[in-house]
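Let's take a walk through this structure together, one element at a time. Keep the viewer open so that you can follow along.

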Amino acid sequence: MFDAFFHPVDKVRKRCQKTVKMPNFPSNLQRFYDIELPNENTLLRDCRLIALDFETTGLNFEHDTVLSVGGISIENGGIDFSSSFHHLLKNPVSVKKQTAVINMLTPEQLAKGEDPAEVMNALMDMLAGAVVITHCGIIESTFLKKAIGLTQEMELPMIFADTFNIERKLHQPTGRKNEYSLSEIRKRRNFPTYEAHNALWDSIATAELFLAQVKELFGKEKPRLLEVYRYSH
């Protein structure tokens with residue numbers, strides 16, 4: 001009965017329909033919105049699942065920018081390593097010293113990077129109609145909107161699942177510093193340590209965490225997208 005009145009996944013679809021009718025909607029993005037989103041009753045295993053991570057110059061959504069993009073697909077309950085991608089973006093903005101220390105991306109590397117518009121356009125081809133798995137997805141969703149010319153009230157044509165939110169619902173806070181950071185969660189779960197603040201490795205780490213969370217939540221059951229979505233928002 002509850003599901004009959006509250007379909008959060010369907011609300012994403014309706015917000016997408018509203019987005020394309022907005023007067024300032026970029027018409028060149030229409031083809032991405034023509035791709036059908038999965039519905040709430042779609043089995044998670046039947047969705048296109050893509051883990052995504054951005055490295056940025058900072059977290060000021062107005063002034064900062066994306067430095068690198070990494071991602072990987074989940075297929076048949078496992079990570080498809082052949083699907084991995086990692087792009088450094090050519091960046092005209094000066095790299096902040098504190099950012100370079102964290103993600104080890106230098107101005108020299110970024111000067112040889114790929115065209116940001118081309119990377120983001122190819123990324124949208126991949127993500128439209130998919131379930132995008134992130135850790136603290138507000139970062140990826142906000143920077144992606146900015147990069148392709150959407151305003152923040154507009155909806156991206158994809159479903160986001162956030163491992164940060166899932167973990168908070170699975171495990172009560174203990175008061176430890178940064179206990180819901182990707183690295184701390186993986187440490188608590190005795191996962192292997194990967195290179196942090198690298199977009200590709202962080203996307204792989206997020207994909208692994210997501211699979212572990214789904215296993216913890218549903219065991220051998222086959223969850224619907226709606227069930228996973230509710231845990232991740």
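Just after helix H7 comes Gly 149, with a positive phi near 90°. The model you are looking at is predicted, and H7 is a good place to begin exploring it. Helix H7 covers residues 138–148, and eight of its eleven residues are buried, so the rest of the structure largely encloses it. If you would like to pick them out, the buried residues of H7 are Ile 139, Glu 140, Ser 141, Thr 142, Phe 143, Leu 144, Lys 145 and Ile 148. What do they pack against? The buried residues of H7 pack against strands E1, E2 (66–75), E4 (131–134) and E5 (159–162), together with helix H6 (116–127).

Helix H6 deserves a look of its own. With twelve residues at 1.5 Å a residue, H6 should span 16 Å, and this agrees with its end C-alpha atoms, which are 16 Å apart. The buried residues in H6 are Val 119, Met 120, Leu 123, Met 124 and Leu 127. Looking down the axis of H6, you will find these buried residues within an arc of 135°, so they line one face of the helix. Ala 117 and Glu 118, on the other side of H6, are exposed. The cover over the buried residues of H6 includes H3, E1, E2, E4, H7 and strand E3 (78–88).

Now back towards the start of H7. In the loop between E4 and H7 you will meet Cys 136. Phi of Cys 136 is near 65°, which is positive although the residue is not glycine. Is Cys 136 buried, partly exposed or exposed? Its relative accessible area is 24%, and a residue counts as buried only under 20% and as exposed over 50%, so Cys 136 is partly exposed.

Another positive phi outside glycine belongs to Asn 190, where the value is near 60°. Asn 190 sits in the loop between helix H9 (182–188) and H10. With a relative accessible area of 70%, Asn 190 is exposed.

Following the chain from that loop brings us to a helix pair. Two packed helices are described by the angle between their axes and by the distance between those axes. For helix H8 (residues 163–170) and helix H10 (residues 199–218), the angle is about 35° and the axes are 10 Å apart. The crossing in which H8 passes H10 is left-handed. On the H8 side, the residues taking part are Thr 163, Ile 166, Glu 167 and Leu 170, and they meet Thr 206, Leu 209, Phe 210, Gln 213, Glu 216 and Leu 217 of H10. Sorted by class, this contact of H8 with H10 has five nonpolar, three polar and two charged residues.

One more stop is Arg 45, found in the loop between helix H3 (30–33) and strand E1 (49–56). Arg 45 has a relative accessible area of 51%, so it is exposed. The C-alpha atoms of Arg 45 and Pro 223 are separated by 8.1 Å, while the two residues are 178 residues apart along the chain.

Finally, step back to see the whole chain. The protein chain contains eleven helices and five strands. Of its 233 residues, 48% are buried. Among contacts in the protein chain with a separation of 6 or more, 69% come from residues 24 or more positions apart.

How values were computed
Residues are numbered from 1 along each chain as its sequence is written. This is a predicted model: local features need pLDDT of at least 70, side-chain atom pairs count only at pLDDT 80 or more; totals for chains, interfaces and linings use all residues. Side-chain values use heavy atoms; hydrogens and water are left out. Axes are lines fitted to C-alpha atoms, for helices over the stretch in contact, and angles run from 0 to 180 degrees between N-to-C directions. Helices (H or I, at least four residues) and strands (E, at least two) are DSSP runs, numbered from the N terminus. A crossing is left-handed if the near helix is turned anticlockwise from the far one by less than a right angle, and right-handed if clockwise. Contact means heavy atoms within 4.5 Å. Ala, Val, Leu, Ile, Met, Phe, Trp, Tyr, Cys and Pro count as nonpolar, Asp, Glu, Lys and Arg as charged, and the others, Gly among them, as polar. Buried means under 20% relative accessible area, exposed over 50%, partly exposed in between (1.4 Å probe, protein chains only). The expected span of a helix is 1.5 Å times one less than its number of residues. The arc is that of the directions from the helix axis to the C-beta atoms.
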